[in-house]
Amino acid sequence: MDIKKIFENNRSWINEKLKADESYFSNLSKGQNPEILYIGCSDSRVTVEEIMGANPGDVFVHRNIANMVSNIDLSSMSVIDYAVTHLKVNHVVVCGHYYCGGVKAAMEPADLGVLNPWLRNIRDVYRLHQTELDSILNEDEKYKRLVELNVQEQCVNVIKAAQVQKAYKDRNLTVHGWVFDIHSGKLIDLKIDFPKIMEDIMRIYKLI
Ligand code: CO
């Protein structure tokens, strides 16, 4: 992408929007009321709004390498707090994607400097599901399965937050685990059994 073309593109986009609705931007500036918090990977190929058919104002978005939810990451924790407590979203989505470079890096032995502690969270997911993952002999299938299990574990991490537990109790907030298949363009719902996970982990992680 040509960096010099960006402002030109922006001007055409403004004209396009105003042509369809002259109060588009004045309406947009009134505030946001999104229903969904989306936590996904920073990968440039996973264009959140585009793959979901969402419009500005629909989705509150947080992206980082390999869609991680780490309890010592002030950024993701603040995003969850703001979205759940203040914007009062009713759905939290963790969306991974097949062929995720972060997940791939965590499957290989390499010292990647400052990335080590971040990627170690994914190595921990591998260890939690080692029996299942080691039984998959096809490397590509194993890689894809780790992407899915990572999404599942990050959903569990979302549920560990007190704000999320409170919103579940007060207004039945739901956590969803999805995977975007870059190979086909398909968005896949992993159908994570949210009530079952709540039941299983709440004995340990219940905060409220
Ligand atoms: Co990725």
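Colleague: What phi does Asn-172 take, and where does this residue stand with respect to H9?

Modeller: Asn-172 comes just after H9 and takes a positive phi of about 60°. The model is predicted, so local features need pLDDT of at least 70 and side-chain atom pairs count only at pLDDT 80 or more, while totals for chains, interfaces and linings use all residues. Residues are numbered from 1 along each chain as its sequence is written, and side-chain values use heavy atoms, with hydrogens and water left out.

Colleague: What makes a run of residues a helix or a strand here?

Modeller: Helices (H or I, at least four residues) and strands (E, at least two) are DSSP runs, numbered from the N terminus. Helix H4 (residues 74-86) has 13 residues, and Lys-88, just after H4, takes a positive phi of about 55°.

Colleague: How do you know what span to expect for H4?

Modeller: The expected span is 1.5 Å times one less than the number of residues. For H4 this gives 18 Å, and the helix reaches 17 Å from its first C-alpha to its last, which is close to that value.

Colleague: Why is Asn-67 called buried?

Modeller: Buried means under 20% relative accessible area, exposed over 50% and partly exposed in between, with a 1.4 Å probe and protein chains only. Asn-67 has a relative accessible area of 2%, so it is buried. This residue lies in the loop between E2 and H4. Contact means heavy atoms within 4.5 Å; leaving aside neighbours within four places in sequence, the contacts of Asn-67 include Cys-41, Val-94, His-97 and Gln-154.

Colleague: Why are the buried residues of H4 said to line one face of the helix?

Modeller: These residues are Ser-76, Met-77, Val-79, Ile-80, Ala-83 and Val-84. Seen down the axis of H4, they fall within an arc of 160°, so they line one face; the arc is that of the directions from the helix axis to the C-beta atoms. The face turned away from this buried side carries the exposed residues Leu-74 and His-86. The buried residues pack against E1, strand E2 (59-64), E3, helix H8 (139-159) and helix H9 (162-171).

Colleague: Which residues of H9 are buried?

Modeller: Val-164, Gln-165 and Ala-167 are buried in H9. Their arc, seen down the helix axis, is within 165°, so they too line one face. Lys-169 and Asp-170 are exposed on the face turned away from the buried side. What covers the buried residues includes H4, H8, E4 and helix H10 (194-205).

Colleague: How do you know which strands pair with E3?

Modeller: Two strands pair if DSSP finds at least two bridges between them. Five bridges join strand E1 (residues 36-41) to E3, and these strands run parallel; Leu-37 has Val-92 as its bridge partner in E3. Seven bridges join E3 to strand E4 (residues 174-181), also in the parallel sense, with Val-94 opposite Gly-177 in E4. Both pairs therefore meet the criterion.

Colleague: Why is E3 described as largely enclosed by the rest of the structure?

Modeller: Strand E3 (residues 91-97) has seven residues and six of them are buried, so the description applies.

Colleague: What makes a residue a donor to the cobalt ion?

Modeller: Donors are N, O and S atoms within 2.8 Å of the metal (3.2 Å for Na, K and Ca). Cys-41 (SG), His-97 (NE2) and Cys-100 (SG) coordinate the cobalt ion at 2.1 to 2.3 Å, so they qualify. Water is not among the atoms, so the site may look incomplete. In sequence the donor residues are spaced C-x55-H-x2-C, and both His-97 and Cys-100 are buried.
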